[in-house]
Every structure is written in structure tokens, then in C-alpha cells.
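Good morning, colleagues. Please look at the model on the screen while I go through one helix and the strands around it.

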Amino acid sequence: MHRIKEAVPFTLMEPKATQLDALRLNQAYETLLQTFPGLYSLLIVKDAQLVFERYEPPAEPTAACSIKSITKSVMNALVGIAIRDGLIASVDQFISDLAPKMPEKWLANIDGVTVKHLLTMTHGLHVEENSPEMLEVWKSSNWIGAILDKPLVHSPGERFLYCTCSTHLLSAILTQAAKVPLAYYASRKLFWPLGIRFRRKLFGSLGIQFPVRWEQSPEGLNWGGNNMFLTPRILARFGQLYLADGIWNGQRLFPAGWVDESFQKHSTGWADYAAYGYLWWVGCADGLNYAFASGYGGQYVYVIPELKSVIVLTANSDASIADMQATTNPAIKDPTWILRRFLIESRLQEF
């Protein structure tokens with residue numbers, strides 16, 4: 001496991017200080033463990049305080065594991081920061097304008113595709129997640145080339161299709177706009193402000209600091225939408241940043257309104273799961289609107305603005321696709337289960 005330390009740890013507080021019942025939280029956690037043997041950690045932040053924190057071996061506070069597709073929601077943050085920095089004009093900008101030096105065939109295959117289409121998974125590229133066709137992309141020597149060789153099957157904006165190929169394309173766009181490796185841009189613009197201690201790693205002849213491990217594709221791009229390595233506490237900070245409308249320690253990281261726009265329903269998502277915003281899943285439970293980032297194996301970051309709460313789960317991501325599809329784990333099958341058990345049903349009773 002990769003290790004990362006916080007510069008300033010979260011403030012710890014007893015659950016009852018935020019109107020949560022410690023006994024009910026512990027009971028909910030034990031119930032979860034019985035059906036979720038791969039669980040690594042569960043953290044709850046309420047009113048900006050860490051009120052519940054549990055780890056199962058090999059997890060621990062400084063151990064960073066792959067967050068899988070939660071990386072997609074980190075990509076949301078990087079797009080917002082790039083818009084703030086003026087590197088992208090808006091979500092309506094055509095990606096062909098952001099990467100004009102492409103072969104004509106590739107430009108033709110992304111004609112009409114905007115940044116928003118990539119954020120909402122309505123890009124028009126039809127490559128099913130974890131399909132043999134997608135695996136062929138990941139086996140190729142140039143992932144972007146393999147993606148852009150495929151013509152659009154649907155008009156941009158017409159249909160939702162969850163596809164990591166689209167977020168890897170977004171990684172290429174952001175890298176070209178920033179003119180530095182995306183891991184470096186993320187480190188300086190997102191993780192440094194969040195208070196993550198840096199470690200030094202050489203990049204070329206320059207001493208550039210990369211606090212976060214993020215796997216690369218054969219063409220040298222960080223894997224857009226997958227295999228970034230973070231700790232549960234850093235994920236909790238990430239969720240708290242969205243609760244605070246993109247402001248951290250008085251510094252605005254996202255443009256005003258970016259969080260609200262990201263948490264709106266922009267595409268249908270999966271009817272039996274959740275709708276989709278800008279690289280965040282969105283839903284409503286008992287009248288409470290929430291958004292969540294989700295990663296393979298059971299990685300989650302829930303943001304519940306009305307309750308001023310963040311819930312983080314991390315888990316073993318080595319389970320087979322067949323096992324994941326067959327699981328009866330309620331936390332994976334029903335995205336409202338965690339929210340209900342750990343926040344709604346764990347509130348202190350008033351007499």
C-alpha cells in the first residue's frame with residue numbers, strides 16, 4: 001500500500017455532539033461487516049467533524065488504496081479547477097477545440113462532443129464498461145488512439161452510457177490544457193490545498209512533488225477515471241470540499257455554483273441505481289438529496305448537503321466481475337442503504 005499523511009488531521013468528535021447515536025452506528029457497522037467481508041474502512045464526517053472511523057486490516061489511516069472509479073469524481077474537481085483557471089472556457093466547449101492537433105479521422109469521430117458530454121457520460125461512444133471491446137482498449141499501446149479510432153454510435157447528448165473511455169479522453173484534454181502531467185496539476189491545485197503532505201519524486205530534470213499515486217496509460221497519461229490511490233481521510237476531505245461549495249480554508253477551488261451544477265441530474269444514469277450529474281451519481285432518499293462517487297469493489301464517497309455530512313467507504317477491489325454482479329451486499333445494490341442506516345436511522349431519539 002502507498003502511504004500518505006495529512007498535514008493537519010481532521011478534528012475528532014463524539015457522535016452525540018452531532019446528534020448521532022454511537023450505539024446505533026456501531027450496530028449498523030457490525031451489520032455491514034456481516035454482508036460486506038471485503039470492507040476496509042467506514043468514516044462519517046458531520047458538521048465538519050470526524051465522528052465515526054473504523055478500519056479493517058489491511059486498511060489504516062495513512063494507507064492509500066485504489067479508489068477505482070471514485071477517480072471520475074476527482075476528474076470532476078479537476079474540470080472545475082481548470083474552468084476557474086481559464087484553461088477551459090466552459091462545459092460547452094467542444095473537445096475538438098481543446099485538442100485541435102489530431103488526425104482528421106479522430107476529429108471527425110468526436111465531432112460535436114463537448115466537455116459536458118464527457119462529464120455526463122452522454123458522449124455517443126458505445127463501449128460497454130468491462131466489455132471485451134473495452135479490455136482491448138486497455139491492452140493496446142495507445143489508449144487514446146484506440147478510443148478515438150471508434151466512431152460515435154449515438155449523437156452526443158442522446159444517451160447515457162457509463163464508460164471509462166470517456167473519462168480517459170477527458171484526462172487527455174485536461175493534460176493538454178494544463179500543459180503538465182495531470183497528477184502534478186491535481187497535486188498542486190487540489191490535494192495541496194486540502195492539506196496533504198508531499199513527497200518528492202523526480203519528473204524529468206525537475207524536482208516535482210507528487211503526493212498521490214495515479215496509474216498511467218502506455219502513452220503516459222494518468223488513467224482518467226480509474227486507479228488513483230487515496231486514503232479514507234483524504235476522501236473525507238474531498239467530500240467535505242463539495243459540502244463547502246468548493247471552498248477550503250477560505251480559498252475557492254471551484255467556480256461558484258460548480259457543486260450545485262455537478263449535483264444536478266443531467267442524464268438518466270441507471271434506472272435501478274441512480275441518476276447522473278457531472279461524474280457524480282445523484283439521488284434522493286426520504287426527501288434528502290445526495291450525491292455519491294462510486295468505485296468498483298465498494299468504494300464510496302457520499303455527500304449529503306442538508307445533513308452537512310460525508311460518508312466514506314473503502315473496500316477490497318480484487319473481487320471478480322462475476323462476484324460483484326452476484327453480490328447481495330445491500331451497500332452495493334442499494335445506494336440509499338448506507339445513508340439510511342448510518343445517518344437517518346442513527347440519529348439520537350428526541351423525547
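On one side of helix α1, Leu23 and Gln34 are exposed. Please bear in mind that this is a predicted model. The helix comprises residues 22-35, 14 in number, and spans 21 Å from its first C-alpha to its last, close to the 20 Å expected at 1.5 Å a residue. At its N-terminal end, Asp21 acts as the cap, with a side-chain oxygen 2.9 Å from the backbone nitrogen of Leu23.

Which residues of α1 are buried? They are Leu25, Ala28, Tyr29 and Leu32. These four lie on the same side of α1, because they cover an arc of only 100° around the axis. In general, an α-helix has 3.6 residues a turn, so residues three or four places apart point the same way. The cover over the buried residues of α1 includes β2 (39-46), β3 (49-55), β16 (309-315), α13 (330-333) and α14 (336-344).

Let me turn to β16. Seven of its seven residues are buried, so β16 is largely enclosed by the rest of the structure. From this strand, Ser309, Ile311, Leu313 and Ala315 point one way, while Val310, Val312 and Thr314 point the other way. Such alternation between the two faces of the sheet is what a regular strand shows in general.

As for its partners, β16 runs antiparallel to β2, to which seven bridges join it; here Ile44 stands opposite Ile311. With β15, residues 299-304, the pairing is also antiparallel, over five bridges, and Tyr300 stands opposite Leu313. The hairpin of β15 and β16 has four residues between the strands, and in it Lys308 takes a positive phi near 50°.

Definitions and conventions. Residues numbered from 1 in each chain as written. Predicted model: local features only at pLDDT ≥ 70, side-chain atom pairs only at ≥ 80, totals over all residues. Heavy atoms only, no water. Helix = DSSP H or I, 4+ residues; strand = E, 2+ residues; numbered from the N terminus. Expected span 1.5 Å × (residues − 1). Buried < 20%, exposed > 50% of the residue type's maximum accessible area, 1.4 Å probe, protein only. Arc of directions from axis to C-beta. Contact = heavy atoms within 4.5 Å. Polar contact = N/O pair within 3.5 Å; in protein donor to acceptor, adjacent residues only side chain to side chain. Pairing = 2+ DSSP bridges.
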